[in-house]
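I opened the notebook to look up how the copies are related, and then how the interior is packed.

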There are 2 protein chains.
Amino acid sequence: MTAPYEAPLALIRAAQEQAARRLGFAPAAEHEEVLGDTSAAVLEGAARLARDVLSPLNRSGDAQGAQLSAGGVIAARGFAEGWRRFCADGWPSLAAPAEWGGQGLPLLLAAATTEIWGGANLAFAMLPETAVGAIEVLRVHGDEPLRSAYLPRLVSGEWPAAMSLTEPQAGSDLSTVRTLARPEGDAWLLSGRKIFISWGEHDLAENIVHLVLARTPDAPPGVRGLSLFLVPRRLPHADGWIANDLRAVSLEHKMGIRASPTCAMVLGEAGGARGWLIGARHQGLACMFTVMNHMRIGVGLHSTGLAERARQLAHGYAAERRQGRDAHGAQRPIIEHADVRRMLLSMNVLTHAARCLAYGAAAALDVAHGAGTQPHTRARALRRVGLLTPLVKAWASDTAVEVSSLGVQVHGGTGYVDDCEASQIYRDARIGPVFEGTNFIQAQDLLGRKILREEAGFAELLEQMEQAAAALPPGAPLQAPLRSECAALRAWVQQLRAAGTRQGEIVAAIAYPFLQWLGVVAGAWQWALAAPELADQAEFYALHILPRARAHAATVAAGSDIIGRARL
Amino acid sequence: MTAPYEAPLALIRAAQEQAARRLGFAPAAEHEEVLGDTSAAVLEGAARLARDVLSPLNRSGDAQGAQLSAGGVIAARGFAEGWRRFCADGWPSLAAPAEWGGQGLPLLLAAATTEIWGGANLAFAMLPETAVGAIEVLRVHGDEPLRSAYLPRLVSGEWPAAMSLTEPQAGSDLSTVRTLARPEGDAWLLSGRKIFISWGEHDLAENIVHLVLARTPDAPPGVRGLSLFLVPRRLPHADGWIANDLRAVSLEHKMGIRASPTCAMVLGEAGGARGWLIGARHQGLACMFTVMNHMRIGVGLHSTGLAERARQLAHGYAAERRQGRDAHGAQRPIIEHADVRRMLLSMNVLTHAARCLAYGAAAALDVAHGAGTQPHTRARALRRVGLLTPLVKAWASDTAVEVSSLGVQVHGGTGYVDDCEASQIYRDARIGPVFEGTNFIQAQDLLGRKILREEAGFAELLEQMEQAAAALPPGAPLQAPLRSECAALRAWVQQLRAAGTRQGEIVAAIAYPFLQWLGVVAGAWQWALAAPELADQAEFYALHILPRARAHAATVAAGSDIIGRARL
């Protein structure tokens, strides 16, 4: 029997400590709280729920999937009960604002729970994560009546949320969104088709709050014409509730996250789905950008959770499975085989590097939003968030794909069989590089916007990384390569700045290898900051992972020429 | 609608030409035939069958899978008819010996068809591939009555084969195989349990020929006690045929290759499954080693086919899918986006490098087995086969995982949905690094046996690679790095030879990164040999793929110390 997911609390606490104290910001006041005993108790509660409730639903949810019946979408067995437990324990409200019923706890604490939910059951974890985004959009951009009507119920989890952005012709490029919103009284009537809507419909709650990107009749073409609407699944009515004019018409059958219903939705089959404008007209994309950081860091945290789960499963299997014999003829557990150790160590150091980076982004968000933060520090923290967000989203999700693949390999043939959770983790992990903005979109954001346009953030990051290298004991295996990678990154970006009109072309061609380069170096930075008792892991990272930086750097140096020139 | 698989005949012909003429052996006489018109017609026939029959069964076979009913295993819809067509057209007999009804064609020709079947439908392709191994074992080790009774029917495809080696406790380590064979008359009665038996039972044929590893009562422990038996599913009887005492008791539900029934078999529930010894008693593993090269190169060829199919699907999708706009506001197909071009070019050059290496191994086998080959050349060809086999199996299967993952990424969210064949290819590809000896086992064979014990082959290979670099036009982007990688490989292996008693420990720790290193360099070698009109692809390989060699080399240089020392 496979042991259920166990939250790695010691590593989580170490990553929180590192993110709060060693990333170059004075810890926000609320971070002292995160590092204290109350938070430890919170994490223990999350670990219990993950182990006892969410993890046991992971395999069964994958096997059964969500089903579309005549009456709507039915979630996999146990998910409705799991969601009730989740809400009853107050988890949806953890980091939500106190004025709307939330607990107002720091993101650095919520980050750990997000990782934990993702590791225990990613399909489930996607549901509360969507609400986090919706709450933030509504809090910042919603008008008072909308906030009063919806925020308390989103915060309590009574009404989950869904993001209805994508359309068949509009995926990475939202400029072609066609869903139409016509004004009617104080509201709007929406009609159109949306696809890839995670948890777009289900039987876990009485209502679902959709955020829908649509176009008003007077809208200019392109992304500047998009407005954001709140469209509830059910509408208040004299005698209770009536269904709004939107429904799931089909579910995707997917490679992974199968218990999360991915809906194709139709709005306005009977005249129009009633919705309310969030924020100003034609500012829909700007409103969504408010939560982009949250949601992308969320993918990084979920990916970290998946990698952690892959690691646990592989360790557990390797400790039990016996193949080959030692010098005395006794059968050896494969965890003693050098190549299995190599794979497990790779999984360890990649996973924890992703965790520390993602927590670092969450901590910087706390600093940026902290009530007591000075303007100068706030600006610096926002720059850091801007840089780390695409890096965390992309590098952690790529890392989860790699780590989960190593997990399959440790299991051998067993890892290829559906009964084995390692095979599910491998399938679940593959969505990470694709959704919430593909990893190329992250890379372009990182290099084209966050580094080229906003110079200071990258200079500060390099400085932090160099300080971490300098603070290592002399001769530590990470020291010299981390230093020289920082120098190489700085030099190459300077060269790119001097490229003039060719800049855009170069960014488009090698943004992704550049992100891989910075990612592996940032991982080294996190290991340089890690506690001395983890020095052996840091050394493994230096010897087995960081050398990849040279390969990425060489590819980046090749620029755009060959990509433009070679025939496909 | 997704276009069906199209065999890439021009690239296949180029790879055959390269393998026959440019790998440092005088072409075997039969290779002239491979490069001629008759063979071209054979390949066109294979391409037709793949496109019209096998490829259309790939998605439906995955969706439906094989089923275990009370009456036995039922293959997915259309597979039985597909197998009849496959046999009627003579494909099982292509490279089989003429004296047993085969067409005796060179492996370099069969290699192309193996790639084609794998690309069109891997689950199907595994069936004839198993027969190739069984035919070879029986031809070399079987006694006359066994050969007469079984070879003609294996060769015609009337009776497919299955390899029954693995047991629950005996996967990578066959020393613990427990299946027992007791003598009875001229035959043996076998009892035990086998798992992971591909196509172990099905309704495509009247009989199935199992090769079973088992232990005789007098057997010494360990692998030296294993004997190989032929155990048919049905036995001849006075009135026709009766069932032998073995049956599939369950099917694995797997991540991929779902239309290939992976059976758990029980032998001897009713006293014993009747079988006949192949080769000498206690020589079972040696008999199996006879076909290891064939079967492992087969995995490399199938992996090449999968990578090719991933590439085709991604190209097709990218040419159709529109996102973003050009300078004039027109929507652009994503194939014009630089990052999509980067991914497609990576898929191109990795796939074709794997193809050329695999064909090179097949061509060397032809030379080794060629009737007219001089003893000196034969020995050299066998050394080359020995080196290339584990490299091809492991590097091509890892490459298929990478290329199929790029394929998913090019498709975006669409690539995560079951309807999309790209998502199936990603799942199918993940078996490659696991079965037929895990990729670590390949790496250990490569470095520990083929390089350290048999010195000449590696020296010859490095010489060939250096000659290829030297023959490039001066300044060709591959030239300098290929040369310096060869020098670095030579130097490191010399150092390893001097490591004395620590050699074994080092091999165990870094054999896999070493294989990755040699693999990426050998891929560069193949691109150095490619025709001048592919120079842009070779350049892309030099700039985007070959730099990985530096990362692998650095990891290899780290040796075994940190792996032995770091805590898990």
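Entry 1, symmetry. I superposed the chains of this predicted model and found that chain B can be laid on chain A by a turn of 180° and a shift of 0.0 Å along the axis, with an RMSD of 0.0 Å. The two copies are therefore related as by a two-fold rotation axis. I then looked for the residue of chain B that comes closest to this axis, and noted B:Ala551, whose C-alpha lies at 3.1 Å.

Entry 2, interface. I checked which residues of each copy take part, and 100% of the interface residues of chain B turned out to be interface residues in chain A as well, so the copies meet through the same surface.

Entry 3, core. I looked up the largest nonpolar core, which has 418 residues, and recorded A:Leu357 and B:Leu357 as those with the most contacts inside it. Setting aside neighbours within four places in sequence, I listed the contacts of A:Leu357 as A:Leu388, A:Leu391, A:Val392, A:Trp395, A:Ala396, A:Ala522, A:Gly523 and A:Gln526.

Entry 4, helix packing. Turning to chain B, I followed helix α10 (residues 338-369) to helix α16 (residues 503-529), and noted that they pack at an angle of about 85° with their axes 9 Å apart. With 65 to 115 degrees counting as roughly perpendicular, that angle is why I entered α10(B) as roughly perpendicular to α16(B). On the α10(B) side the contact is made by B:Val349, B:Ala353, B:Cys356 and B:Leu357, and on the α16(B) side by B:Ala522, B:Gly523, B:Gln526 and B:Trp527. I sorted the residues of this contact into 6 nonpolar and 2 polar, with no charged ones.

Conventions:
Residues numbered from 1 in each chain as written. Chains lettered and ligands numbered in written order. Predicted model: local features only at pLDDT ≥ 70, side-chain atom pairs only at ≥ 80, totals over all residues. Core = buried A, V, L, I, M, F, W, Y, C linked by C-beta atoms within 7 Å. Buried ≥ 20, exposed ≤ 12 C-beta atoms within 10 Å, placed from the backbone. Contact = placed C-beta atoms within 7 Å. Axes fitted to C-alpha atoms, helices over the stretch in contact; angles between N-to-C directions. Helix = DSSP H or I, 4+ residues; strand = E, 2+ residues; numbered from the N terminus. Parallel < 35°, antiparallel > 145°, perpendicular 65-115°, else oblique. Nonpolar A, V, L, I, M, F, W, Y, C, P; charged D, E, K, R; others polar. Least-squares fit on C-alpha atoms with pLDDT ≥ 70 in both.
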